[in-house]
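Here is a friendly walk through selected parts of a two-chain structure. Please keep the sequence and the 3D view open while you read.

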Amino acid sequence: MTAMFQSFQQDMARHLRDPHHTMRPAGVPARRMAVYNEMLFNNVCGFIDTCMPLSRKLLGDTAWRCLCRTFYRDWPLHTPWFRDIPREFVRYLQEGNPKQPLPRWLPDLAHYEWAELAVDVMDVPRPAANAHGDLMAEIVVLNPARMDLHYDWAVHRIGKQHKPRKSMDTHLVVYRDADDAVQFTEVNAATAHVLALLDVQPMTGTQVMQHIAEHRQHPQPEQLLAFGATLLKQLQEQDIILGTLP
Amino acid sequence: MNRPLSGAGLGFRRELIEPLKHSVPNVIDFFEVAPENWAGLGGRSAKDLRHFTERYPFVCHGLSLSLGGPASLDTQLLHKTKAFMKAHGIQLFTEHLSWCSDESHLYDLLPIPCTQEAVRWTANRIKLAQDILEMRIGIENASTYIAPPGSDMSEAEFVAAVVKEADCLLHLDVNNIYVNSQNFGFDALDYLNTLPLERTCYVHVAGHYVEPDGLLIDTHGAEVIDPVWHLLMAAYERIGGNVPTCLERDFNLPSLNELTAEVMQIARLQAQAPRIKKVA
């Protein structure tokens, strides 16, 4: 049997999630309930708004608030960590099937905006790496404070002046550099493939390019090796690759 | 570095990191953090926090544990909090006497109906939290805007009953007492006198906001007002001036200088108060 104090909690929780369609808990004055309704919803919106200023701006305040409301009402929020609220909001956009009409690129854009926060606070130590090692001959060490992102939309170009109508396969790398600043860079599909292979299994630059040559049945693998050396060097300059395994 | 926790402290906030790195005012003896905002972080935030926890004592003040909540206690959060405290040498954990979730989080502090059943339920969860953290924890009297229906005791009696039943410590928030006393029309000193003050491990003082219709909202967004300072003095007369006391400021952050002036006021009142040997 549910204790009396817990039925009150159920009533209150239900009303807080959906104040316009549920009864106020019995015995609670409207003025005082309004304090909680406003305080809790504003609190949750604050975390989302701060993380996704562009998504908010492009959707417009009214539609954005409406979306935040259905998120708070419908999406199960099991995380006690406040910084995970925006991540849950992205999951709601991707999987929660919001009824509201939304631009098709919104889940990708919101995810891209969240990625900045996620990478900024990602709890991974920077591993030791030999910055002068031979990237082709030795095991490559990737920067682990990094997300390799693959979107259906060119999210990095979306803005007030550019709301895309056509999807476009887009690869972006968001990572934390040596000064702990978050950097964004667009990469092509081949580079994304290299990063994905290195992520799965540590290997040398030569090994990774051989994998790609086999995968593509490339007629002249040695060309690919020369391309690989240049690419890896460039990724190291950007701090996406840290060096080689010491 | 493991200086004992004492004196006057300040809530640790990202916005304050730069001025604090420049110089930490002498009057600040410790800082307070919410584990929900700082545990499990990497990158710049983690390095900044580490810089200060290596030099100053810190207090962990929880927000998401939902001690009075109807769903099962989040033991994973407790284990992560414990690891965070160990990693930073933090020795005190406190949480609110409130709830903030059922099966799903609501992300703010809500009042528990003050009933015998709720006392037992909440005290058992506090005991479980203490078992996991392997220490006594402080429970804070929270600010509320509604008196939950069905209560069979006053809020102060409820706090006292839970703290005794759980055999935990009291985290006294004098601003919350003041806010509730104004919003519900009770005498703040009566409330104070009902609490098991001999168990006080930690004190909060903060500012609040007054709505146009006179309702007080516990925003931590303004300077501390005189009646709250007086209540802090009254508390020190009863518990002594040697209980660590933290200034909470979360919104409308003024300059570090202005915050320091308020921390100095805490230190002044602590110095004026009698030194009382703690029982708990």
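Helix 5 of chain A (residues 85-95) has Ile85(A), Pro86(A), Glu88(A), Phe89(A), Val90(A), Tyr92(A) and Leu93(A) among its buried residues. Here buried means under 20% relative accessible area, exposed means over 50%, and partly exposed is in between, with a 1.4 Å probe and protein chains only. Helices (H or I, at least four residues) and strands (E, at least two) are DSSP runs, numbered from the N terminus. The cover over the buried residues of helix 5 of chain A includes helix 2 (30-51), helix 4 (61-74) and helix 6 of chain A, together with strand 6 (105-110) of chain B; contact means heavy atoms within 4.5 Å.

A word on the basis of all this: the model is predicted, local features need pLDDT of at least 70, side-chain atom pairs count only at pLDDT 80 or more, and totals for chains, interfaces and linings use all residues. Residues are numbered from 1 along each chain as its sequence is written, chains are lettered from A and ligands numbered from 1 in the order in which they are written, and side-chain values use heavy atoms, with hydrogens and water left out.

After helix 5 of chain A comes Asn97(A), which sits in the loop between helix 5 and helix 6 of chain A. Most residues other than glycine have a negative phi. Asn97(A) is not a glycine, yet its phi is positive, about 55°. With 56% relative accessibility, Asn97(A) counts as exposed. Asp180(A) also has a positive phi, near 65°, and belongs to the loop between strand 3 (170-176) and strand 4 (182-187) of chain A. At 9% relative accessibility, Asp180(A) counts as buried.

Moving on to helix 6 of chain A (residues 106-121), we find Asp108(A). How far from Asp108(A) is the nearest side chain of opposite charge? That side chain belongs to Arg104(A) and is 10 Å away, and the buried Asp108(A) has no salt bridge. For this purpose Lys and Arg count as positive and Asp and Glu as negative, while His and the chain ends are not counted; a salt bridge is a side-chain nitrogen of Lys or Arg within 4 Å of a carboxyl oxygen of Asp or Glu. A polar atom of the Asp108(A) side chain does lie 3.4 Å from the backbone nitrogen of Trp153(A). Leaving aside residues up to four places away in sequence, Asp108(A) touches Tyr151(A), Asp152(A), Trp153(A) and Val155(A).

Now to the strands of chain B. In a regular strand the side chains alternate between the two faces of the sheet. Strand 2 of chain B points Phe30(B) and Glu32(B) one way and Phe31(B) and Val33(B) the other, all of them buried. The path from strand 1 of chain B to strand 2 of chain B runs through helix 1 (residues 14-22) of chain B, a right-handed β-α-β crossover. Right-handed means that, with the strands pointing away from the viewer, the path from the first strand over the helix to the second runs clockwise. Strand 3 of chain B is covered on both faces, with Phe58(B) and Cys60(B) buried on one side and Val59(B) and His61(B) buried on the other. Strand 3, helix 4 (residues 75-87) and strand 4 of chain B form a right-handed β-α-β unit.

The table collects parallel pairings in chain B; two strands pair if DSSP finds at least two bridges between them.

| Strands of chain B | Parallel bridges | A facing pair |
|---|---|---|
| strand 1 (residues 8-11) and strand 2 | three bridges | Gly11(B) and Glu32(B) |
| strand 2 (residues 30-33) and strand 3 | three bridges | Glu32(B) and Val59(B) |
| strand 3 and strand 4 (residues 92-96) | three bridges | His61(B) and Thr94(B) |
| strand 7 (residues 138-140) and strand 8 | three bridges | Ile139(B) and Leu170(B) |
| strand 8 and strand 9 (residues 200-206) | four bridges | Leu172(B) and Val203(B) |

Why is strand 8 of chain B largely enclosed by the rest of the structure? Five of the five residues of strand 8 (residues 169-173) of chain B are buried, so the strand is largely enclosed. Leu169(B), His171(B) and Asp173(B) point one way, and Leu170(B) and Leu172(B) the other. Strand 7, helix 6 (residues 155-166) and strand 8 of chain B make a right-handed β-α-β unit.

Conventions:
Polar contact = N/O pair within 3.5 Å; in protein donor to acceptor, adjacent residues only side chain to side chain.
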